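Okay, thanks for squeezing me in this morning. I'll put the structure up and then talk you through the ligand site, the overall fold and one threonine.

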Amino acid sequence: MRIVVTGANGLVGSRVCEQLTGGGYEVVAFGRGARRVGGPGRWVSVDLTSRSDLERALAAARPDAIIHPAAMTHVDGCERDPEGAWATNVEGSANVARAAHALDAHLVSVSTDYVFDGDHGPYDEQDAPNPRGVYARTKLAAEHAVQVLAPGAAIARTAVVYGWPPAAQLNFGAWLVTSLSEGREVKLFEDQWVSASLADNVAAMLIELAERKLGGIWHVAGADVLDRYTFGRRLCEVFGFDPKLVLPSTLAAANLAGPRPSKSGLSVVKAQRELKTQPLGIEAQLARFHEEWRQSRAA
Ligand SMILES: NC(=O)c1ccc[n+]([C@@H]2O[C@H](COP(=O)([O-])OP(=O)(O)OC[C@H]3O[C@@H](n4cnc5c(N)ncnc54)[C@H](OP(=O)(O)O)[C@@H]3O)[C@@H](O)[C@H]2O)c1
């Protein structure tokens, strides 16, 4: 099975590429510019916002499936640059969806819990989205573009993805480990509830959606919803860091440019019922995360 992975320099894309190693897959990794995160497969440099370049690259790759995590993901950056966010997240996803449909390749398009307002999560696949802010609105518009242009595609929503090693930029978990291991204090929101999701676990669920050609909306995230402060304290227990370094904070105090959902979280009951790859609970996630970190330090 030949799988194209977009955003292969990113956290999710690089983990998907890594997990596709062996197992009878042929990986074609799509990214912008040069490859900056190691991994298997042929590298194709292409900007998703160029419809003609993308169509040419996908036609040449002849994929059976496309896993599409590429996006402009910086929430405050999207707020400052709505044109850029629209071009990448909506038009880029529309370009991928159109080409996937034309090539009869099964598309798995990655989305986010930010499509919900965060007033009363956790949310399941039936709940009505109500995005706030540019990033969130462009991601919901991307979902609609995919549903219209690539019927039968999977829309896979995830949340607060973390893992070690970090990809091109630090993720939430990697930032915590880096700061705490150096004895630096971290301020974490005690009023933002999230489904923290280990990148490897998310990648495995995305691959299953691609392999089984499953369509519709899926929540592929960690199995537990907890606030970020509690996450930090739990991480200290597993990693042996000083819990006094973790300080409680609030969303309001951070005064962020882009709105963040407060009571968010994704219900993963559908994934638990229908996927072979199970969403991991927080204990199993943190144990694996610690092992990833320990092994990379030993290497
Ligand atoms: N990480 C999270 O906490 C989280 C939570 C919920 C949902 N998600 C969703 O999960 C997906 C993957 O997130 P991630 O954490 O892996 O993000 P990431 O690390 O920021 O990776 C995104 C990748 O997309 C690439 N990209 C951006 N614009 C592009 C363009 N015009 N053409 C080609 N490639 C482009 C970026 O390339 P450059 O490296 O060149 O910038 C980057 O490598 C996204 O759809 C995101 O919305 C993530």
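Before I point at anything: when I say polar contact, I'm talking about a pair of N or O atoms within 3.5 Å. And keep in mind that what you're looking at is a predicted model.

So, the ligand. Right at that cut-off, a backbone N or O atom of Val 110 sits 3.5 Å from an oxygen atom of the ligand. Val 161 also brings a backbone N or O atom up to a ligand oxygen, there at 2.8 Å. And for Gly 10, the distance from a polar backbone atom to an oxygen of the ligand is 3.2 Å. As for cover, the ligand on its own has 900 Å² of accessible area, and the protein covers 86% of that.

Who else is around it? The shell comes to 26 residues, and the closest ones are Val 12, Arg 36, Thr 73, Tyr 135 and Lys 139. By type, that shell splits into twelve nonpolar, ten polar and four charged residues. Which elements supply at least two shell residues each? Those are α1, residues 11-19, then β5, 106-112, and α5, 134-149. The biggest giver is β5, with three residues.

Let me zoom out for a moment. The chain has eleven helices and 13 strands. Its radius of gyration is 18 Å, and the globule rule gives 19 Å for 299 residues, so the chain is as compact as a globular protein of that length. Along the principal axes, the C-alpha trace spans about 55 × 45 × 40 Å. Of the 299 residues, 56% count as buried. If you take contacts between residues at least 6 apart in sequence, 76% of them join residues at least 24 apart. And the accessible surface of the chain is about 12600 Å², with 50% of that belonging to carbon and sulfur atoms.

Last stop, back to helix α5, where you'll find Thr 138. Buried or exposed, that Thr 138? Buried: the cut-off is under 20% relative accessible area, and Thr 138 has 3% relative accessibility, so it counts as buried. What does its side chain pair with? The side chain of Thr 138 makes a polar contact with the side chain of Asn 89, at 3.1 Å. Leaving out residues up to four places away in sequence, Thr 138 touches Ala 85, Trp 86, Asn 89 and Val 90. So Asn 89 turns up both in that polar contact and among the residues Thr 138 touches.

That's my bit, happy to rotate the view if anyone wants another look.

Definitions and conventions
Residues numbered from 1 in each chain as written. Predicted model: local features only at pLDDT ≥ 70, side-chain atom pairs only at ≥ 80, totals over all residues. Heavy atoms only, no water. Near = heavy atom within 4 Å. Polar contact = N/O pair within 3.5 Å; in protein donor to acceptor, adjacent residues only side chain to side chain. Areas by Shrake-Rupley, 256 points an atom, 1.4 Å probe, with all protein chains shown as cover. Helix = DSSP H or I, 4+ residues; strand = E, 2+ residues; numbered from the N terminus. Nonpolar A, V, L, I, M, F, W, Y, C, P; charged D, E, K, R; others polar. Rg over C-alpha atoms; globule rule 2.2 N^0.38 Å. Buried < 20%, exposed > 50% of the residue type's maximum accessible area, 1.4 Å probe, protein only. Contact = heavy atoms within 4.5 Å.
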